[in-house]
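Here are my notes on the model, set out as numbered points for you to check against the coordinates.

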Amino acid sequence: MKLYEKGVYLVDGRSIVEDGPDSMEQIRSLTGQSVSLDDARKNTISYGILEEHNTSQSMDKLQIKFDKLTSHDITYVGIIQTARASGLEKFPIPYVLTNCHNSLCAVGGTINEDDHMFGLSCAKRYGGIYVPPHQAVIHQFAREMLSGGGKMILGSDSHTRYGALGTMAMGEGGPELVKQLLGRTYDIDMPQVIAIYLKGKPRPGVGPQDIALAIIGEVFDSGYVKNKVMEFVGPGVEALSVDYRIGVDVMTTETTCLSSIWETDQAVEEYYEIHGRKEDFKKLTPGAITYYDGMVEIDLDEIVPMIAMPFHPSNTYTIAEVKANTADVLREAEKRAAVSLDGQVDFSLTDKIIDGKLYVDQGIIAGCAGGGFENITDAADILRGTSIGSDVFTLSVYPASVPVYMELVKNGSVADLLAAGAVVKTAFCGPCFGAGDTPGNNGFSIRHSTRNFPNREGSKLQNGQIASVALMDARSIAATAANKGFLTGADELDMAYTKPAYFFDGRIYANRVFDSKGVADENQELVFGPNIKDWPAMSPLPENLILKVVSEIHDPVTTTDELIPSGETSSYRSNPLALAEFTLSRKDPGYVAAAKEVQKAQKAVEADSCPGEALEEIHDVMKAIHTVFSDVNRGNIGIGSTIFAEKPGDGSAREQAASCQKVLGGWANIAREYATKRYRSNLINWGMLPLLADKGELEFAKGEYIFIPDIRRSVGAGEHDIKAYVIRDGGLKEIMLHMDPLTDSEKEIIQKGCLINYYRS
């Protein structure tokens, strides 16, 4: 795998010319033509799609309107509640409400099914589409029924990726979907485009997860594709089946890229034809001479079965490396875990070594990454006539939709899996976020799913529990299962895969999915359960701001799972106050109480009472401020909490990672950098300042106060450098914080306190 240090010209989709003094001369020798850099940039597939969906007068400052929206049942309630509070009357474009996260309705009393009934009533009232529980995971339904060549889809789940089908899709926090529902736009600078140039053909036993993990391992730490579009091109594309391409594509989220798109061909056209939507196919290819801002060149022949060890998809090894150096690799994983877990629990992997071999407790093939037809049929081929054994090891398989499940039943794959000892379950995202198949304490699970962050499999550090996940491809998971739980790469097997044809039965969705066809029924009453609550009132940004650091996190990366846990919290996503009680519970259990203490002072300010009476230490803070700023008083201040972290926001698009902090009185994050664009956007949409501190210089300790004078004016003026003061030893120490550029609407959203306030005004 090669990462180019400079931009690259791609000629006729095949020849690579690295940017340099003689690049145009090389291009002329290949084509007899020349092209300007600006025109060559416009020849990417990405540029064409973005241009078609841009409503601004500039391709530098994009204002995108999407073709379709999609959400699942731990995001759509909050989105619709926000939109309702902002004046929603009808869904202006197709909006699909899937139910693949809170599908286990025994959890949380009636809460989960109440959310589903709310979703169905909203689809009827506002003119949407409702997919009942267990029918399909969000992204599989989108692939089967929503995708279209050259189209754009916005989803409230970070793995909204349909690039392999010619659809540019993006996963964002709920407020960005609210903007689309209210006829507004998705505003971003024109992103850079990185070519992912594929050549060669995968070896037998190598699956899409292996390719994906190899890419993630190469690009994540350097940020090579961060907030950029990954455009898959080259002769290797045609060597991959569409199912295979989808499996690679969905994992691009873990690189922190903005989106992805692939060139399309006859195989993609056949996919649409199989699904009864041939008219949605569009052939997409880069232009004759196309400029990319970078390139990852991948020889598919060289990729071997991979494994991402705990606790990140970028912590990659080849399975052969792990088997050859098992103890060393596991000890290295334990060292990494010590940083992530802050020493809260004892964690061991080396005790999984039995007779020199790595034994795993559990295998899972599931969700938008693993639950595809080809992944499961290949796994069934491997397991046919074998047994997973009767010891600790278990294997669960979750087909991604009922149509996929039905075809697996018809062709005998389900029978082969069941006979081998696997359990085949319904379409459900639970194993990916900690709501299904949670391992036992100190268990080690191998999964063809999307993430392996700490506790994402469902264990709870606060209860002294820990388990861990390694990511692998379905084929190697099946090979390990056939070897009774001892780690095995699928390339170690001499296999002939049957590759049965796929037949899509559209009657399944026609019989069960509610589709309003875009017709809204204003007479439909919305169905509210007792757990569905409105957002609490939120104050506008004050003239001057006092922040208390209530948590400091020094991990290299902080995931959204650590900011607001997945799994057991899912039932409370429709109840902002109840959900906020879980904020940082796995990372900093004292956060909620500390934030609430600071919030008492803000509530006193809002009531025109003395904040020092609500929080005594504010008296000393105000004395220090008055040594320089005598005119600061309770009529022109706000008091709130902040967290200080190195790189927060990796992973999920869930807006609650930000909104829960705001509900508890958070006014800002201070970070060295933000892991993803979507987390920074979530902060902004909830009226929180996405502040930056210079690397290696400023340090903020838990309990310290920071004063930012004239912050409301600074935001409105779009200032990058923001003068602030740390309150120490009874005085003020001047510091400089920073904030990257905001759009005009983002400035106003922060000033008004949140997106809801912005639309109400």
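1. In this predicted model, Lys662 is a residue whose charge deserves a careful look, since the side chain is buried and yet forms no salt bridge. The nearest side chain of opposite charge belongs to Glu606, which is 8.9 Å away, whereas a salt bridge would need a carboxyl oxygen within 4 Å of the lysine nitrogen.

2. As for what surrounds this lysine, Lys662 lies in helix α25, which spans residues 656–663. Leaving aside residues up to four places away in sequence, Lys662 touches Met538, Ser539, Trp667, Trp686, Gly687, Met688 and Gly753.

3. One of those contacts, Gly753, leads to another part of the chain, for Gly753 follows helix α28 and has a positive phi, near 110°. Within α28 itself, which covers residues 744–752, the buried positions are Ser745, Glu746, Lys747, Ile749, Ile750 and Gln751.

4. Which elements do the buried residues of α28 pack against? The partners include four helices by name, α7 (174–181), α26 (677–685), α27 (711–717) and α29 (755–760), together with the strands β10 (186–189) and β31 (689–692).

5. A separate point concerns helix α9 (residues 242–249) and helix α10 (residues 266–274), which pack at an angle of about 95° with their axes 10 Å apart; the two helices are therefore roughly perpendicular to each other. On the α9 side the contact is made by Val242, Arg245 and Ile246, and on the α10 side by Ala267, Val268 and Tyr271. Sorted by class, this contact has 5 nonpolar residues, no polar ones and 1 charged residue.

Key:
Residues are numbered from 1 along each chain as its sequence is written. This is a predicted model: local features need pLDDT of at least 70, side-chain atom pairs count only at pLDDT 80 or more; totals for chains, interfaces and linings use all residues. Side-chain values use heavy atoms; hydrogens and water are left out. Buried means under 20% relative accessible area, exposed over 50%, partly exposed in between (1.4 Å probe, protein chains only). Contact means heavy atoms within 4.5 Å. Axes are lines fitted to C-alpha atoms, for helices over the stretch in contact, and angles run from 0 to 180 degrees between N-to-C directions. Angles under 35 degrees count as roughly parallel, over 145 as roughly antiparallel, 65 to 115 as roughly perpendicular and the rest as oblique. Ala, Val, Leu, Ile, Met, Phe, Trp, Tyr, Cys and Pro count as nonpolar, Asp, Glu, Lys and Arg as charged, and the others, Gly among them, as polar. Lys and Arg count as positive and Asp and Glu as negative; His and the chain ends are not counted.
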